[in-house]
Amino acid sequence: MRPGTDHTENKFASFTCNRGYQKLPRLFYEAENQPMKLLATLEVKAERRFGWSGYIFAWKAKHGTLFLGVIILCVVMASYILTRDQQKFLLTPSPFQYSATSNNEESPELDSTEIESDTDRLSSPFNWLERVSYATPETIAETSDSKLQLKPRRLPEREDLIKQEAHIFSVIPRNFLQNVKNHCWYTRYTGTASTDPYKKNAYFLHTKHFQTIFDYLKKVIWKHLQHHGDKHYRLRCLPYFYIIGQPKCGTTDLYNRLRLHPEVSFSIVKEPHWWTRKRFGHLKVHNFHMLKNMRKYSSLKATMRGSAAGIIQPWNGFHARYLIEDYLDLFDLAAHQIQSQITNSSAEQFIKSNMIIGEASASTMWDNNAWQNFYHRTVNGEPPYLIQDFLHAVLPAVKLIVMLRDPVERLYSDYLYFISANKSVEDFHEKVKDSLQIFDGCLMHSSLRSCVYNCTVNSAMPARLQIGLYAVFLWDWYAVYNKNQFLILQLEEHAANLKKSMQRVFEFLSLGNLTERQEAAIINNPASNTRRPKDKSLGPMLPETRRILEDFYRPFNEKLALLLNDDSFLWEK
């Protein structure tokens, strides 16, 4: 534990783990060698002989060499085609290279897969997502069904997770306080009344606009401790629920309405991004050089501003990993309220607190980009650990809220929000085409999960296509958590009927009844994070852009609707 950070002595065992960072895999589309010459010209010079036998021998040698060269050429070309251009000899068409004329034939119907409940918490097979007709029947034959199948992943054991994040498990206990809805526990506090436990908090050091809140917490922390003689105990809490995604799907609006409920309290920072980004710290420099080789630096910087890329970027500076104590400090305002409720309860009274804590980092569901820098490489290129593995090991009973929208509209909204200059529908179209080809280039030699969680691929794509692959992310979350721990909302339905949508949320979180005035304040609260006027002036995306995106997302939407047993997630007009 960092000295002077918390002044809290935890009674739980401390683990140590010295783990070196692993090098990133070679860029998947970087040719390892220069193309070999397929034919070597053999000059056969026959000796000048007198007599026809010498001329006949020379003639046979030349023609034999030519015939042998033709055979070698055919074998080499056939091998490249059969291996699907893995060495980047692009002899077969990409399914995302759209022709000017669209194919009006209906795509072959995908085989349905029955999805059973995950009772034993094992990742069950989910072989689906066959390619649809993006271009021609010949293209479909080339791009077989195996490339868009999501195979089961092996879930890590708790011992493996502890080895990777020993400090987290040394701070957070396995059992929490009873009769408190949140995940709370007491730790020994070794500071004094004048101690500032937030002085070295990483969020405080890097986000100065929260200084007022941390100053307030510093002044009141002593009176919110449990005092037993000369020993002092501090209440620590983690969230009761998370809003885990997705970006540009209405999570900010839901957050702003929920925080008006008298029984709900959120973290000091709306989106701490601790599980997905902050706990990993800086990005390795050599990875950035790899990105520069893929796309021009200026284009990358314009595309991946701030949180858009999904990981802390080199131009934003380097910093150490945020500790779990830094993250826990963000919930101290709520912990103080819960402590007050416990303190005000008499010894004979049944102690109970209805206050619940939430956290709303929209990156939690999808952003696993840091794994390539911090975890070992796997044979199949898939991450050995996902965010939900660690979250479940710490909070197995947490509730999870997911907000989704039409992935085509989500991508356009994402572009308008994160791109700062030279925005146009034509520019969006070009970025979509480039992203589709990059993603398909990955699928030519890697699994679907490997490409979805590949930091290099995600950072290279100028449009964040992968965030709209909801079925992939949700299936991996369902392999870890039970389905009844999720509430899946649609932005379209949320906007059309706010009252019904918020009632679903209140019931899911087991919140108390509201007065008519309190409910009206929540429902009538202005919509948050709406499209800016200058972005509205650009109008809708081009019809051709919408068509190719609908083709791309259609098979994923079909399986999402199957997974959720709800055809509204097809987003068919």
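**Exercise 1.** Are cysteine 184 and cysteine 237 buried or exposed, and which parts of the chain does the pair tie together?

*Solution.* The model worked on here is a predicted one. Step one concerns accessibility: cysteine 184 is buried, and cysteine 237 is buried as well. Step two concerns the bond, for which the cut-off is a pair of cysteine sulfur atoms within 2.5 Å; the sulfur atoms of cysteine 184 and cysteine 237 are 2.1 Å apart, and the two residues form a disulfide. Step three takes the torsion, which is 110° about the S-S bond and makes the link of cysteine 184 and cysteine 237 right-handed. Step four places the residues, with cysteine 184 in strand β2 (residues 183-189) and cysteine 237 in strand β4 (residues 231-238), so that the disulfide ties together parts 53 residues apart in sequence.

**Exercise 2.** Determine how many disulfides the protein has, and describe the link that joins cysteine 442 to cysteine 451.

*Solution.* The count comes to 2 disulfides, and with bonded cysteines counted along the chain their pattern is 1-2, 3-4. In the link between cysteine 442 and cysteine 451 the S to S distance is 2.1 Å, while the angle of -100° about the S-S bond makes this link left-handed. Since buried means under 20% relative accessible area, cysteine 442 at 0% is buried, and cysteine 451, also with a relative accessibility of 0%, counts as buried.

**Exercise 3.** Describe the helix α15 by its length and by its buried residues.

*Solution.* Helix α15 covers residues 425-443, which makes 19 residues, and from its first C-alpha to its last it reaches 27 Å, close to the 27 Å expected at 1.5 Å a residue. Its buried residues include Val425, Phe428, Val432, Leu436, Ile438, Phe439 and Leu443, and among them are also His429, Lys431 and Asp440. Cys442, taken up in the previous exercise as a disulfide partner, is one of the buried residues of α15.

**Exercise 4.** In what order do the 5 strands of the open sheet stand, and which strands stand at the edges?

*Solution.* The order is β6-β7-β5-β8-β9, with parallel pairing. At the edges stand β6 (264-266) and β9 (486-490), each of which has a single partner strand, so one side of each is left without a neighbour in the sheet. From one strand to the next the twist averages 25°. At the β6 edge, the parallel pairing with strand β7 (residues 356-359) extends over 3 bridges, and phenylalanine 266 has glycine 358 in β7 as its bridge partner. Helix α18 (residues 470-478) packs on the sheet, where it touches β5 (241-245), β8 (399-404) and β9, and its direction makes about 165° with that of β9. Helix α20 (residues 498-508) lies across β8 and β9 and runs at about 175° to β9.

**Exercise 5.** Characterise the packing of α18 against helix α23, and state the contact by class of residue.

*Solution.* Two packed helices are described by the angle between their axes and by the distance between those axes. For α18 and α23 (residues 543-564) the angle is about 35° and the axes are 8 Å apart. On the α18 side the contact is made by Tyr470, Ala471, Val472, Leu474, Trp475 and Tyr478, and on the α23 side by Phe556, Lys559, Leu560, Leu563 and Leu564. By class, this contact has 10 nonpolar, no polar and 1 charged residues.

Definitions and conventions. Residues are numbered from 1 along each chain as its sequence is written. This is a predicted model: local features need pLDDT of at least 70, side-chain atom pairs count only at pLDDT 80 or more; totals for chains, interfaces and linings use all residues. Side-chain values use heavy atoms; hydrogens and water are left out. Helices (H or I, at least four residues) and strands (E, at least two) are DSSP runs, numbered from the N terminus. The expected span of a helix is 1.5 Å times one less than its number of residues. Buried means under 20% relative accessible area, exposed over 50%, partly exposed in between (1.4 Å probe, protein chains only). Two strands pair if DSSP finds at least two bridges between them. Axes are lines fitted to C-alpha atoms, for helices over the stretch in contact, and angles run from 0 to 180 degrees between N-to-C directions. Contact means heavy atoms within 4.5 Å. Ala, Val, Leu, Ile, Met, Phe, Trp, Tyr, Cys and Pro count as nonpolar, Asp, Glu, Lys and Arg as charged, and the others, Gly among them, as polar.
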